[in-house]
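Please open the model in your viewer and keep the selection tool at hand. The stops below go from one selection to the next, and each says what is to be found there.

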Amino acid sequence: SQVNSNHLRRSAWICKSAATESPTLIPTPKPTNIRLGRCIKRVSDRRNKQKAKVERLHKVAMKACKDAGNRAAVILCRAKQRNRLRRQYDIIGKQMRSGLRQCKRNFPA
């Protein structure tokens, strides 16, 4: 019958595959330039996320400055926020540069 022949064929295949030795699969590492590219992309994506987060918070803070009081207090509040944003951008840029250096050190071309 069809069931018996399928069963026998399957068991013959299992015996055959058990008897033949399969080659050992050693995962080959990807070329360095692909790994370097992925590392750089990861660093730049992280930088973009950080920058977007900082910009969102800056926008909220600048809106909050409207309620700081008189005109001079509002101007001072906005100036402080701009300086804070500039410092945060500097930190994010420094982190990116050090991350890129680390990528190039780990995956030399």
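Begin by selecting K66, which is exposed because its relative accessible area is 56%, where buried means under 20% relative accessible area, exposed over 50% and partly exposed in between, with a 1.4 Å probe and protein chains only. K66 sits in the loop between α2 and α3, helices here being DSSP runs of H or I of at least four residues and strands being runs of E of at least two, numbered from the N terminus. If you add C77 to the selection, the two C-alpha atoms are separated by 8.7 Å, although K66 and C77 are eleven residues apart along the chain.

Before going further, note that this is a predicted model, in which local features need pLDDT of at least 70 and side-chain atom pairs count only at pLDDT 80 or more, while totals for chains, interfaces and linings use all residues. Residues are numbered from 1 along each chain as its sequence is written, and side-chain values use heavy atoms, with hydrogens and water left out.

Now zoom out to the whole protein chain, which has three helices and zero strands and reads α-α-α along the sequence. Of its 109 residues, 16% count as buried.

Next, select K59, K63, K66, R78, R82 and R86 together, and a patch of positive charge appears on the surface. The elements that give two or more residues to this positive patch are α2 and α3 (71-106), and α3 gives the most, with three residues. A patch is made of residues with over 30% relative accessible area and no salt bridge, like charges being joined within 9 Å and nonpolar side chains (Val, Leu, Ile, Met, Phe, Trp, Tyr) within 5 Å. Lys and Arg count as positive and Asp and Glu as negative, whereas His and the chain ends are not counted; the place of a charge is taken as NZ of Lys, CZ of Arg, CG of Asp or CD of Glu. The accessible areas come from the Shrake-Rupley method with a 1.4 Å probe, and for residues only the protein chains shown count as cover.

Within this patch, pick out K59, which is placed in helix α2 and counts as exposed because its relative accessibility is 56%. Then move to H58: is this residue buried or exposed? H58, also in helix α2, is buried, since its relative accessible area is 16%. Measuring from H58 to R82 gives 8.2 Å, C-alpha to C-alpha, for two residues that are 24 apart in sequence.

Move along to D45, likewise in helix α2, and show its side chain together with that of K41: the two meet in a salt bridge at 3.1 Å, N to O. A salt bridge is a side-chain nitrogen of Lys or Arg within 4 Å of a carboxyl oxygen of Asp or Glu, and by this rule the count comes to one. Because D45 and K41 are four residues apart in helix α2, about one helical turn separates them. D45 is partly exposed, as its relative accessible area is 34%. Selecting M96 as well shows a pair 51 residues apart in sequence and 9.8 Å apart in space, C-alpha to C-alpha.

For the last stop, select S44, in helix α2 (residues 32-64), which is buried because its relative accessible area is 19%. What does the side chain of S44 reach? The side chain of S44 reaches the backbone oxygen of K41, at 3.0 Å.

Key:
A polar contact is a pair of N or O atoms within 3.5 Å; within protein, one must be able to donate a hydrogen and the other to accept it, and residues adjacent in sequence count only if both atoms are side-chain atoms.
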